[in-house]
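Me: I'd like to learn how to read a structure like this one. Could we go through it feature by feature?

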Amino acid sequence: MALSETENGSSGDGADSIVQTCALGGFSESSETRALLSSLLEVHADIGRVESTTQKFLVIMNRYQEQPHLLDPHLEWMLNMILEIVRSETSPPSLVHLAFKFLYIICKVRGYKIFMQLLPHEVADVQPVLDLLSKQDPIDSETWETRYMLLLWLSMTCLIPFDLYRLDGHLESDSGKAREPTMDRILAIAKSYLLVSDSPRDAASVLISKFMTRPDVIQKCLGDFLDWSLTTISQTNDQSMRDIMVLDGALQSLCLEQKNLSESSQAMLRRLGVKLIQRLGLTFLKPRLAIWRYQRGSRSLAANLSMSQSTAVATAATPDVETQDMEEDYDIAEEVETVIEQLLLGLKDKETIVRWSAAKGIGRVTGRLPKELADEVVASVLDCFSFQETDNAWHGGCLALAELGRRGLLLPSRLTDVVPLIVKSLTYDEKRGACSVGSNVRDAACYVCWSFARAYEPKELEPFVTQIASSLVITAVFDRNVNCRRAASAAFQENVGRQGTFPHGIDILTAADYYAVGNLNNCYLNISVYVASFPEYTKAMIDHLVAMKINHWDGVIRELATKALHNLTPQAPDYMAATVLPQLLPMAVGFDLHGRHGAILACAEITHALYKLGLQTNRTVVDIISSECVDALKNIHQKLNDKKQYRGFGGELMRPATGWQWLIDDTIKSGVKDGNMAAVVSALSTLCEEYYQAEPGKADSHMQDVLVSQYIEGLKSHQMLTRCGSALALGCLPGFMIHSKLKQILGGLKQLCTVSQKEGTFTESRRDAVRAMAQVCGKVVVCAHGSPDSALCSENVAEVYGALLHSMNDYTTDSRGDVGAWVREAAMTSLMEVTLLVASSAPEILQPDMVKGMMCCLSQQAAEKIDRYRAHAGHVFLRLLHSTEPAVPHIPQQEELLSIFPVETSTSLNWNAPSQAFQYITQLLGLPQYQYHTLLGLTVSVGGITESTVHFSSQSLFDHLRGIQNDSAALTPFGETLLSVFRDNLRNDRVSIPFLKMLNQMLANSCFEIFTTQEDHQFCLDLLALCKEFKKTKDISKLRACISVFCGLIQFPGEVRKKVLSQLLMLLCHTFPVEE
C-alpha cells in the first residue's frame, strides 16, 4: 500500500496548525480478508467469534470508505467466496445469514449501484434467489442484511433478456395445485418489502425500478401496480410513523403522485414528491439535450492556465439552421407548466433536502425545453431573489442557478442579471431575534461561483471579475461562519485555476487557503491585512466592514471588525479619514444599539491608527482628520449623554466605547463585567496621564483628592461590582496620583480584604483588592527610610505583607465552590511581585518572619488538592527560590530547598500532575520550618475525593512516613505537628474531616507502630482526647470518620485501648443508625 502525506500550515493565534492527509494506494489487506472469509465456516456457530470476525472485517472495509474504487480489482473473488457459501446446500441458516452480512458490508462501502452489477444474473439464478427470498422473515431484525442483498440480487436477475413466462413451464405442481407465475411472485415480494420499515425497503424500490421497466411487465402489471400504489398512498396518514414508512416505500417506486405532498409535515415525503413531479415532467418532454445550451470548449485546467488572455477564444457550440428548425416544431405539453410551477415552489421549501431536489429538477426539466421557454424558467428563478422572499427562497434560487450554470442552461446573456444577485447573496444576512439567518444562502452563493468558474469561458466572466473576486475574498475573510469562509476560499481557488483572471489570485490563495480561513481571529487580524495590500480589494473590504460588520448582532464580530479597520487604516489612510470616518460619525449617535456600539469602537480604532501614522510623519491626528470630524468625535459623549443612551440595557455596551471621567465614574458605580471593566480602568489611566498633571510628574491636587476619596469610598459599597471597579481603579492610577495618598489607599484596600473575608461575601472584590495592592506598590518608590504616604518603606511593608498573607488563607465557599481560591491565586501573584520589587530596591526592609510566612503559605498551597492553584503556588515558590536578580533574602532552609528543587525543576516539574508534584512536596515534611504548613496542605489532598490526587498524595506521604516510622526522634516531632494541625482546625470542617480520613489511613498502614511498644503514649492520649471532641457532633461524615480512627487506635495498649472501646460501645447506642 502506498501512503502519501501532505502538510499545509496555517497560522492562527500565533500558532501553526498542521493538517495531514493520507491517501491509500491500494487494497493491502487482501490476504487478511481472504482468511476472514474462509473462517466463516468455522466461526458461524460461536457468537463471540462471529462478533470478533465481523468487527475485524468492518475495520478493514471502513478504511476504504473515501476511496472505495481501490476495492474493484478484489470484489470478484470476495463475491465468489461468499456466494459459494450461500449456494452450498450444506450451509446452515446461521452461516448463510453471516455470509450475506459480509456481502452487505462490502456493498455498503463500494455502493450498491456498482456492487450489484457483479452479482450473477443468469436465467439459472432467478428461481434459487426467488425461493431463498420467499423463505425469509420480513420482520426479523437480525437478518435484514440477507433480505437487502437478496432483493438487490433479484433486481439484477430481472434484467435477463427473456420473457419471464418462459421460466414458468408447467404451472401445475406435484400436488396438483397451480403454481404462481414468476412475474407475480416477484411483484408480490416487491410490494411486501415496499411496506417494511427497515433498509430492505430501499432495495425493494430498486427492484421495482428494474422490474417494472421490462417490456413484458409493462404490458401485464404496470397498470395494476400503479393502482395499488395510488391506493396505498391515498389510505395513509403522514402523521403516523408507520404510514410514513409505507408512503416512503410506495413513493420511491413511483413516477407520479396523487397526494398533496407539498403540504406534508414530513420533509422526506415532500422531497419524494418533488422528485416524482420532476420525473413526471420529464415524461412529457423528449429525452434529448437542449441544442441551444452553452458549451465551454476546453475543460482542461492546464489548458486554461497556459492559454493567454489574448488568445482565449470561446468555443461555444453554435446550433445549425436545421436543428433550430427542429426546435421550432417541438410542442410542449401544458402539464409541463404545472410541473415547473411545483418545482419553483419546492425551491422555497423550509428544508434543504427539498430545495436541493427541486433545484436539480429545474436543471433536468430546463435542459429539455426550447430556448425561449428555458429563459422564462430562468426569469422565474431570479424572482426568488426578491427582498420580500425568505432566506429559504434565496437559498433555493442559488442552488437552481448553480445547477443551470453547471448544465450550460444559463446563457452568458443572462449573467448581467445573475451576477449582481449572487454578489448580494454572498453577503446575505437577515437578523432574526437575537441572531441571524443566511449562512446557507452565502454557502450556496459560493457554490454558484464555483460552478460558474467551471461552466464559462474566461471572456464571458471578464466583465464581472472585479465584483466576483472582491465578494468571494470578503466572504472568505470576514464571514462569521467557518463553512462559508471555506466555501468562498474553495470557489476563489476554482476561479483562479479555471478562469485565470482574478487579480493576484495565487498570492491570495497562498494566504487564504481552505485551512488558513478556519481561524476567525487570523482572518480578521492577519489575512485581511495581506489581502488589502492589493489595491483592487482594499476599499471593497473596508466598505464591507463599515456597512455589514460593525453593526453585526454578534459582539465578537463587531469588535474584530473594528480591530480589522485599525489594521487596514495604513493601507488607505486618506480614504479612512475623508470617507469612512464621516460615515461612522452619524452611526455613532444613531438609534441602533449595535451600530452605535460598533461605530464608536471603529471611530476609536481608526483615530488611533491615524494617530500612529501621524507619529511617523511628524503630524498630529488633528492635521489628518478634518476639523468637522474632530468636533463630531468630541461631541459623541455629550450627545449620547443627552439622549440618555448610557442607561438601560444598551448602556453596558456603550460605556466601554468612550472614555470621559463622568462616564468612567458612572460605570464604576453601576458596575460592569470584567471585560468592560478592563476598558474602564484603561481609559481612567490614560485620562489621568493626559489631563490630571499640574506639571510633569505632579498631580492636580484637587482631582487627586476627589478621585482617591471617591474610589476609597466605593470600596465600602454594598454592590459587589462597585467594590471591584473601585479597587481596580485605585490599582490603575498613575504614580503621581498615588503620591502622598499611599497610606490612605493601602488602608482602604486592606480593610476590604480583611473585613469582607470575615463576612464571607464580596469574594471578587477581595481578589481585585489584592491585585490592586500589588499594582499600587509597583507604582511608588521603594525606600527603607521613605515616607509611608509616598513610598513602600519599613513602616508600611509589614502592613502590605500582613494583608496579602491573610488573603492566602481565604477559603470562602458558596454555590460556585471554592471561590476563595480566586483570592488565594491573586495573593500568590501579588506576593511574588511585591517581594521581587522590594528585593531589587530595598531588601533590608524584608523581615525574616515575612519571608518565612510567605514561603510557608506557598508550600501549603503547593500541597493542596486543586491542580490549577497547586501549580500556580509551585511556580511562584520556585520563582522566588531560584531568583538571583534580585535574590530574595531570609528564605528559611534555602540550601535544603535547593537540594529538593534544583534549578532545572523550574521547567521540568509539572505541578499540574499529582504523580509528579507530590513526590517533591512531601520532602518538605522533613524540614521543620515547612512541616506544619505542608502537612496542612497535604491533609486536604490525602483526605479528599479526587481519586488521582488521593492516590498520589497518599503514596508520597506514606513513602515519607516509612522512612521515619522506626526513627523515634523524627516520628515524635511529626506526631506533634500532626496534633497541632488537628488541634488548630478542630472546628474547621474543611480540614478536620479530611484529617480524620488521612489519620485513619496512617493508622491502618501502621505508621505509628513504634508507639505501640509503650503503654499510654502521650501521642495516643492527646489524639484520643481530640477525637472525643466530636462525640456530640451531628455531622454523619465526621462521625463515621471518627469511628474509623477509634478502630485504628485499638492497636495501642494501656488505658488508651480501654477508653477507645468505651467510646465505640457508646457509639453503638448513638441515635443515628449509621452503617459502617
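Me: Which side chain does E494 meet in a salt bridge?

Reply: Start with the idea: side chains of opposite charge can pair when their charged atoms come close. The cut-off here is a side-chain nitrogen of Lys or Arg within 4 Å of a carboxyl oxygen of Asp or Glu. In this case E494 meets R498, at 2.9 Å from N to O. Both lie in helix α24, four residues apart, which is about one turn of the helix. E494 is buried and so is R498, where buried means under 20% relative accessible area, exposed means over 50%, and partly exposed is in between (1.4 Å probe, protein chains only).

Me: What should I know about the model and its numbering before going on?

Reply: This is a predicted model, in which local features need pLDDT of at least 70 and side-chain atom pairs count only at pLDDT 80 or more, while totals for chains, interfaces and linings use all residues. Residues are numbered from 1 along each chain as its sequence is written, and side-chain values use heavy atoms, with hydrogens and water left out.

Me: How many helices and strands does the protein chain have?

Reply: Helices (H or I, at least four residues) and strands (E, at least two) are DSSP runs, numbered from the N terminus. The protein chain has 54 helices and eight strands. Of its 1076 residues, 51% count as buried.

Me: How far apart are the end C-alpha atoms of helix α4?

Reply: The expected span of a helix is 1.5 Å times one less than its number of residues. For the 16 residues of α4 (residues 72-87) that gives 22 Å, and the end C-alpha atoms are 23 Å apart, which agrees. Its buried residues include W77, M78 and L79.

Me: Back to charges: where do R480 and D554 lie?

Reply: R480 sits in the loop between α23 (465-478) and α24 (482-498), and D554 in the loop between α27 (535-549) and α28 (555-568), 74 residues apart. Their closest N and O atoms are 2.8 Å apart. R480 is partly exposed at 40% relative accessible area, whereas D554 is buried at 15%. The structure holds 28 salt bridges.

Me: And what does the bridge between K741 and D705 tie together?

Reply: K741 lies in the loop between α38 (735-738) and α39 (742-759) and D705 in helix α36 (residues 701-714), so the pair ties together parts that are 36 residues apart in sequence. The closest N and O atoms are 2.6 Å apart. K741 is buried, with a relative accessible area of 14%, and D705 is partly exposed at 35%.

Me: How many residues does the largest nonpolar core have?

Reply: In soluble globular proteins, nonpolar side chains tend to be buried together. A nonpolar core is a set of buried Ala, Val, Leu, Ile, Met, Phe, Trp, Tyr and Cys residues joined through side-chain atoms within 4.5 Å. The largest has 137 residues, and those with the most contacts inside it are L749, F901, M1002 and F1008. Helix α42 (residues 820-841) gives the most to this core, with 10 residues. Domain 3 (651-945) and domain 4 (977-1069), whose bounds come from an automatic or database domain assignment, both give residues to this core, so it lies between them.

Me: Is K350 buried or exposed?

Reply: K350 counts as exposed, at 57% relative accessibility. You'll find K350 in the loop between α16 (335-346) and α17 (352-366).
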